[in-house]
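Open the model in your viewer and keep the selection panel at hand. The stops below go residue by residue, with what to select and what is there.

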Amino acid sequence: MHDGHEEFEEYTLLMGEDAEPESEQEFSAGEGGDTEVHIPDELPILPVRDVVVFPRAIAPLTVGKPRSVQLINDALEGDKLIGLFAIRNEAEEPTPDDIFEYGSAAGIAKMLRAPDGTIRLIVQGLQRIRLVEITQTEPYYRGRIEVIPAIMPAEDIQLEGIIRHILSLFERVVNLAPYLPDDLLVLANSVRNPGHLADIVASTLNLKLPERQELLRQNDVSKRLHRLTELLNREIEILEIGSKIQDQVRTEMEKTQREYVLREQMKAIQRELGEMEGARPELKDLREKLESAALTDEAREVAQREIDRLDTINPASPEYTVARTYVEWILELPWTKSTEDRLDIAAAKKILDEDHYDLERVKDRILDFLAVRKLKADMKGPILCFVGPPGVGKTSLGQSIARSMQREFIRISLGSVRDEAEIRGHRRTYVGALPGRIIQGIRRAGSNNPVFMLDEVDKLGMDFRGDPSAALLEVLDPAQNSSFSDHYLEIPFDLSKVLFICTANMLEPIPPALLDRMEVITLPGYTEMEKLEIAKRYLVPRQRRENGLQEDRPQFPDETLKEIINRYTRESGVRNLEREIGTVCRKVARRLAEGKAAPVRIKASQVTKYLGPPRFRHHLAEEQDEVGVATALAFTPVGGETMPIEVSLIRGKGELILTGSLGDVMKESARAALTYARSRSESLGLEKDFYQKYDLHIHVPAGATPKDGPSAGITIATAVISALTGVPVRKDVGMTGEITLRGHVLPIGGLREKLVAAHRAGLKLVLIPRDNESDLAEVPEVLKRDLDLHPVGHMDEVLPLAFTQPLQARQTEVTATRDGAPPAAGEQQAAAGVDELPSA
């Protein structure tokens, strides 16, 4: 909608201070008022918010909506007349029912086109009108209107008396209101028409929208004048109350200043007489806290200086509160207070094993830290970064580490933090300034060596207020954080004893300088067997407790948990798995609360009864061997996935069409795959000029999801060659690897997550780059046992393994097809998985 203002000075600002207008047009309403301008029976209707333009009043408007801009442009080409009607609510797109019945016919006096596309107008009210009906809704409203004639009162003593009374009241309003210029009194006294006088006075008052509408729709001038008298009296009362409050504030300020001078004189007299009394009670408390607090020498010196300064500040002064808050922060921080670490490595290992299944690499790193800490008491805390998909236990692992070491645990979320002051704090010159989140967390912990988790460090943002990641460089640098300086405290605080743990879903968004300061530990997604063990050891017992059930009931057999894992969840972590187990437990708890018999054992066949129809199918990525159908493995922020690419061969002029929200890197992989196929056309049994006769369309489903990365190269090449030769690809084969123009297969990232996705999808044979063989050491044994992992180094090794039959067996059939009409697009679609943004 449109924001309007009724102060005439706004016109001077718009037309006088802005740049030269792109175009400017003027409209003259005439000197005769309402009677000299012909108002047509139909006008364009401009709905406005919180604005009522009275006849003969001038007001600025800003128009920005496309339909409203078109309305103004059309009006300027015509008679420059529009109908202004206020709307009843804050609707962004008002309907005819939202528009008041009564409004004003107005003329466009001046117009200015702003650089941002909006139009700024100066309009002059002409006549009261009533909206009879809407005759047009697109591209903007037009309506049939009816001019409301004024009912003029008889010119008698009573009329003269009320006019003089209104002028007297209006003079008091102008004198009391600082925002009204004195020129309005001259204008009001020069008006002889009582109706015009009422409109001019009403347009200057600070009235609510219903009150303005009431005056606008009142065509009886006598009633309008009486109502205006009531509103003027009320406005005077409000202004007098405001003036009284202002006088009281001024008096109070003078009183405060006087008391301050007298108090200073009293102190001087007491010092001269040697009768200086002790400090105020609150300052005495602060001094006692300072004596007992365990502060550093620098912090103690600053606190002592601030307390002495407080003794000279008037307690009623805002500066007193700021200084006292600053001293309290200094005294409450644990400058030298530390908790004693549990250095029993066996006990710490037991606690870590109790809370988390597997994750041996992370546990070993914590136990190594405890071992070194036991030998070297003054070692600095490590800076760890747990990277993994959601739900794998990054945050809960930090809590377990704190419990195993008997340290306090503090967690702050950095997601969407864009202000550097969130980390370093605000300087005390700002109103309401506080330390940053780091110092606030240390204060909550009550010790200078907590386990401090910085969650979602990859979600940090930056804007004009600074870069929070730059502020973290000092926090997470062991060589610098021993003297971390918060903008609020401006006293070095030692963070070297803090065990910082950052968490992230991906490494790519983390700035390289920040990533270089952290020791990255990857937490991969869980396999089906790992999820099963986690559910039996941790999730099921926890959900029984949280839902008030017995410790051993209901029982979840392995078959039931596998059913939930495979058909109701599809994730790398176990968050949704726990949610589904919790749903089953709540259903059981409800039966118990209703006095019904609850099942002791949840069978796999009963899962549908509790959780509804299965949400996912546990099957191969493709149902059957098809021409060009191949499956690639993708690495996403939430773990591994299998994802298809569709390739269609259609008669054309050799154009390569790429769709499906593909990134630049993936588009280059597709072009490289096609170039490889063209370079091997003779050995593949293809015509040398096939690319001049056919278009190749590569589409990746889930088009709304951005996808990028090079690791789908060999899969795209396999799908393209399959589509060109007509040889089907095995449905149980998955593959990943970057391709070069010569057909070499280059290594990729995220191998473990991709193999987990392949295992989940039921694939049997997985082709991986030969250079990734060393990464198999971190792959769980269950994946190695169930999957036939075949390292490849060239496309010549990929095609025989992926295709259902040798290429030469289909050459005759393909040649015959190519000589005739090309196959339908649906018959030569190939699917291949790709990487989602960002790729490994």
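Is F500 buried or exposed? Select F500: the model is a predicted one, and in it F500 counts as buried, at 0% relative accessibility.

Now add F452 to the selection. F452 also counts as buried, with a relative accessibility of 0%. The ring centres of F452 and F500 are 5.6 Å apart and the ring planes meet at 35°, so the pair is tilted. Colour by secondary structure to see where the two rings come from: F452 belongs to strand β10 (residues 451–455) and F500 to strand β13 (residues 499–504), 48 residues apart in a pair that links distant parts of the chain.

Stay with aromatic rings. The count of aromatic pairs comes to three. One of them is Y326 with Y488, where the centres are 5.7 Å apart and the planes stand at 75°, so this pair is edge-to-face. Y326 sits in helix α10 (residues 318–332), while Y488 is in the loop between β11 (484–485) and β12 (492–493); the pair therefore ties together parts 162 residues apart in sequence. Both Y326 and Y488 are buried.

Keep Y326 displayed and select R428. R428 lies over the face of Y326, 3.8 Å from the ring centre. For another arrangement of this kind, go to R67 and Y141: R67 lies over the face of Y141, at 4.9 Å from the ring centre.

Next, select residues 360–375, which form helix α12. This helix has 16 residues and reaches 23 Å from first C-alpha to last, close to the 22 Å expected at 1.5 Å a residue. Show the side chains of V362, K363, I366, L367, F369, L370 and R373, the buried residues of α12. Look down the helix axis: these buried residues fall within an arc of 150°, so they line one face of α12. What do the buried residues of α12 pack against? Display α11 (345–355), β8 (383–387), α13 (394–405) and β14 (519–522), which are their packing partners.

Finish with the cysteines. How many disulfides does a search of the whole structure find? The search finds zero. Select C502 and C385 as an example: C502 is in no disulfide, and the nearest cysteine sulfur, that of C385, is 5.5 Å away. A disulfide would need the two sulfur atoms within 2.5 Å. C502 is buried, with a relative accessible area of 0%. The last selection is C585, which is buried as well, with a relative accessible area of 0%.

Definitions and conventions. Residues numbered from 1 in each chain as written. Predicted model: local features only at pLDDT ≥ 70, side-chain atom pairs only at ≥ 80, totals over all residues. Heavy atoms only, no water. Buried < 20%, exposed > 50% of the residue type's maximum accessible area, 1.4 Å probe, protein only. Helix = DSSP H or I, 4+ residues; strand = E, 2+ residues; numbered from the N terminus. Expected span 1.5 Å × (residues − 1). Arc of directions from axis to C-beta. Contact = heavy atoms within 4.5 Å. Phe/Tyr/Trp six-rings, centres within 6.5 Å; stacked < 30°, edge-to-face > 60°. Lys NZ or Arg CZ within 6 Å of the ring centre and 35° of its normal.
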